[in-house]
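Colleague: I would like a close look at one part of this model. Please take the strand pairing first and then work outwards.

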Amino acid sequence: MEEKGWLNMEHETWIAKYEVVQSGKYEKIAKTYKGFKPFENNIIETKEAPGTTTMATYYKKSDLDNLLQLIELLEVNYLPDKEIVKMLGFEGKTPLAGVKRRKEILDGVISLCESQNIGYKYFDEGFKKVYLYVAKEHFLSFMETHIQSIAAREKYNISYEDIYGLETKYNIQRVTITKNNFFYSLKDAEKYFNIPKYNEEDFFNLDETLSIFNCSRNTIDSLRKEEHIEPVFIKGKTFYSKESVDNLLKKMAEIKNTFCTAKSVMQICNLAYVPGQLVSFPTDTLANLALGEPVMVMYFLEDVNQYKKQVEERNNLSQALSLFDPVEAFEQILTIKEISFSEKCPYTQKEWHSFCKEKLSLAKRNIGGLKSLISNYVDCTTVLAAFTLDKELFSLTSNEINLKLFNPSIAIQKQRNLYSFLLEYHGKITALLSENNKKTKTFNMSRIINPYLYETTEKPKETYEYSEYIEIYDYAKSMKHKQQAIIDAENIINRNEYTTHYASAWLYILTHLGNAWRHSDVMSLPMVELKDVNHCSLETLKERDLTLEEANSIINQVKRKDLTVNKTGATNRFNCPDDLVLPFATAAAICSLIVIEIKGIISDSENNVINNSIIDFDIQNNNVISKKAHNAFFSNFNKEDFKFQSLKMNRTVLVLIYMVLVRKGRSSAALELAQRLRAHEDFETTNIYLVIPDEELDELCESLFNRKYFGYIPSLLATVLFGDNEDRNKRTQEILALNSAFGGIQRIEATTGFINKTLSERQKVADEIFRMGLDEVTDLMFDLEVNALPSHEENFQCIVSPDCHKPELESCKDCPFAVPNFYAISSLVEGVKGTILEFIRDFEPSTFEGEKTRLMNHLYKDMDGLERAMQKFGKTEVFRFFDNGEEEYNGLLDLLDELQYRTGEDFEQYLTYNPIYLT
């Protein structure tokens, strides 16, 4: 009863093995008992249980159903591995025979399925003797859109070598099954393998092509891509058509005749840099082959030759203008510019040249003014020659002359020159006609426009308000400008397309703020050497600021230069306020680094740097700061639409100087100093007024009058103003004292007599200063500060001016009442050099004893003055005033040592003071 009960309960879930075979339902799985054996306990769950008579094997119905469903799915939607491999072209009756071979092929088929998104089912142990089933629809689609390599070779009649060559060239993707069995997409095969037959005679092979262009395979590849030339493959080798190669050679020849490299530009123009005016063009591979070197940019040869011509003309003009004879300069310039009159007007030509020669010969102007006058007459010649192409000037009517010569397109000064000529010319013509009794009609001079009678409206002489000046001052002195200046400098050096010349703008503005200089004078700011700046480079300046010592070495270089006012030829003295030292030196260093990299250092025969200027806005018209540089520099200024004007700032600084002196009660000195600073004959004082707060007056004074005087008198004044009365006597003696050992001459020491006399003179000056009230000392200090105490010698001031107390002295440097400034170091150095050489020349054992004393005292006083300069500015700075620096100074001292050794004289015995021996 129990067995029958189990059968009844499980009949819905389980089925006996003999029933499976008899039912016929599962014959797709197997038709015999033996056929079910592989699936037992693997795919089909089994159970042993009592049957109708004995123990029997039962199968789980759901497993049988699932298995049957799988078999039907595989039959309908999948292809078995044997069919697949045949379709893929594997030959032989049993291509899957052998475990190793089967694994190789089936791994390749699986790889294909995965790369092409084709479904598959793999059975490790096999399924109905099949290991791999592949989704039918996707596989057949693959076969329709791909072609086997062997079939491709036959279909397109192409060799394996050509196929491999094309595959490499065009990066054609394979679908690989095994090493020797792979497919290509039909699309690629049609595109790349279906090629026409070529005649090798019409092509260069790759080696020949490389030889023709003298380049590498990589270069040919780049050339192919850029010029859109396609190689062909013949028997697996690369060929290029002779026609395409010839076309490229023609293009190269055209490029070579049209363009040149930066190196060629510099050779053609004889420059160490490529001028910014030349427009660059990007190169490609063909251009680099044509030009013979790999470069990023190239330049139009026509532009380069035109620039060279302009430079040569400019140089020739400059040389002509530098001639001593203005008439000769005028004639040379006409020749250089190829300016000449027509053959139809010889009389006008003769009279005009005669007129110009006379005016130029009689002209009394400085060099700048004379150059301007010559240029003016050259321009007038151009106008007059063009006007008289067809006939003589006297044959023209008054109306014709007025229309051509006296119109707004011609500057008023040129019109006046032409009018003056017409007056003389008309007078001569009239006289000549009268003498010859000719009635030839000429123009009516009374109807000629007289440009001297033009009404002129004077432009307002503007200045910046004091508050605006301070805003510009504070903005420009900020070291925040440094990084932007460096970035732009790198762009200039690397010849990047966008540059603003930021450092030049920074330096240009800073120079204006402390000096009443014209634009042309600022633009002539000289090159500075950077040897005293430790490892000076743009990279160094990125990482750190200049030290104060380094900055001052740059400032003092500019001060030592012989600067002249372009308009008048007078000497320009450079001034740099203390709080502008670091920014000015930084901007100057950056500008100099740009010049060194772009143009190189230009030196004369004596190895002196002669670069005209370190300020460069890279524009042809240097009469103004470039708009691009101006806008870049003032981009963060807090005033909208602000425009910096050189003349306006020039007048502002002049007015500030004037106002400071006037406010301090020095009106006459104010006008004299303003005229001297700008070298102007008639500096006007009317309508000049700027509001300067009292509390800022002293600071402004220090900025505008920073002459760096030295010596014992300024120290005495400072002691009165700032010292402690209790230690005044001690401090006074320290100030007055002569140095007992100086400049490395350890063997020369002052004797009591000489020291006492010198001290007594200085004591008199000290007593006179100490008798002054505090107000008087303050006024005297101010006068020193603003250089308002004239002396008989430049760069010295006299505290008893205008009454000279030592008229018998040859030089102010020997006077106890004189106060030297920084620029006086030059005369002190020359004095020391002259004194030492005189001492060596005249000091002999046989020399009169009084003369020896004079020589010794003179030497000692000069050396003392030099020592005070060293105490103020440092030995290094003073040694720079010697042509060969400290080496020259030590050489002079060695000469004294040699003299003492040779003569055996004890110099000390002659170091005394006796008026009878002094002249």
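In what sense do strand β4 (residues 78–80) and β6 pair, and over how many bridges?

Modeller: This is a predicted model, so every value here is computed from predicted coordinates. Strands β4 and β6 pair in the antiparallel sense, over three bridges. One residue pair fixes the register: Leu79 has Val134 in β6 as its bridge partner.

Strand β6 has another partner. Strand β5 (residues 120–127) is joined to β6 by four bridges, and these two strands also run antiparallel. Here Tyr122 stands opposite Leu132 in β6. Strands β5 and β6 form a hairpin with two residues between the strands. In that hairpin, Lys128 takes a positive phi near 50°.

Now the surroundings of β6. The strand covers residues 130–135, and five of its six residues are buried, so the rest of the structure largely encloses it. Leu132 turns up again in a core of 38 residues. Leu106, Phe127 and Phe142 are also among the members of that core. That core is the second one and is separate from the largest.

The largest nonpolar core has 80 residues. Leu513 and Phe584 touch the most other members of it. Helix α28 (residues 581–598) gives this core its largest share, twelve residues. Take Phe584 and set aside its neighbours within four places in sequence. Its contacts are then Leu507, Leu510, Thr511, Leu525, Ile555, Val558, Phe574 and Cys576.

A further sheet lies earlier in the chain. It is open, with three strands in the order β1-β3-β2 and antiparallel pairing. Strands β1 (14–16) and β2 (46–50) are the edges, each pairing on one side only. Neighbouring strands in this sheet are turned by 40° against each other on average, direction ignored. Strand β1 is joined to β3 (residues 55–60) by three bridges, and the two run antiparallel. Trp14 stands opposite Lys60 in β3. Helix α4 (residues 61–77) packs on this sheet and touches β1 and β3. The direction of α4 makes about 50° with that of β3.

Next, a helix pair. The axes of α8 (residues 149–156) and α10 (residues 186–193) come within 11 Å and cross at roughly 40°. The crossing is right-handed. On the α8 side, the contact uses Ala152, Lys155 and Tyr156. Helix α10 answers with Leu186, Ala189, Glu190 and Phe193. By type, the contact residues of α8 and α10 divide into five nonpolar, no polar and two charged.

Two backbone cases deserve a check. His501 has a positive phi of about 60°, although it is not a glycine. The residue sits in the loop between α23 (481–493) and α24 (502–514). Is His501 buried or exposed? His501 has a relative accessible area of 9%, so it counts as buried. Asp641 also has a positive phi, of about 55°, and is not a glycine either. Its loop lies between α29 (627–633) and α30 (646–663). Asp641 counts as exposed, because its relative accessibility is 78%. So the two residues share a positive phi, but His501 is buried, whereas Asp641 is exposed.

Two helix residues complete the tour. Gln415 belongs to helix α21 (residues 412–435). With a relative accessible area of 2%, Gln415 is buried. What does Gln415 touch, not counting residues up to four places away in sequence? The contacts of Gln415 are Leu405, Phe406, Asn407, Ile410, Pro451 and Tyr454.

Leu828 lies in helix α37 (residues 824–842). The residue counts as buried, because its relative accessibility is 8%. Leu828 and Phe881 are 53 residues apart in sequence. In space, their C-alpha atoms are 9.4 Å apart.

Back to your question. Strand β6 pairs antiparallel with β4 through three bridges, and antiparallel with β5 through four. Five of its six residues are buried.

How values were computed
Residues are numbered from 1 along each chain as its sequence is written. This is a predicted model: local features need pLDDT of at least 70, side-chain atom pairs count only at pLDDT 80 or more; totals for chains, interfaces and linings use all residues. Side-chain values use heavy atoms; hydrogens and water are left out. Buried means under 20% relative accessible area, exposed over 50%, partly exposed in between (1.4 Å probe, protein chains only). A nonpolar core is a set of buried Ala, Val, Leu, Ile, Met, Phe, Trp, Tyr and Cys residues joined through side-chain atoms within 4.5 Å. Contact means heavy atoms within 4.5 Å. Axes are lines fitted to C-alpha atoms, for helices over the stretch in contact, and angles run from 0 to 180 degrees between N-to-C directions. A crossing is left-handed if the near helix is turned anticlockwise from the far one by less than a right angle, and right-handed if clockwise. Ala, Val, Leu, Ile, Met, Phe, Trp, Tyr, Cys and Pro count as nonpolar, Asp, Glu, Lys and Arg as charged, and the others, Gly among them, as polar. Two strands pair if DSSP finds at least two bridges between them.
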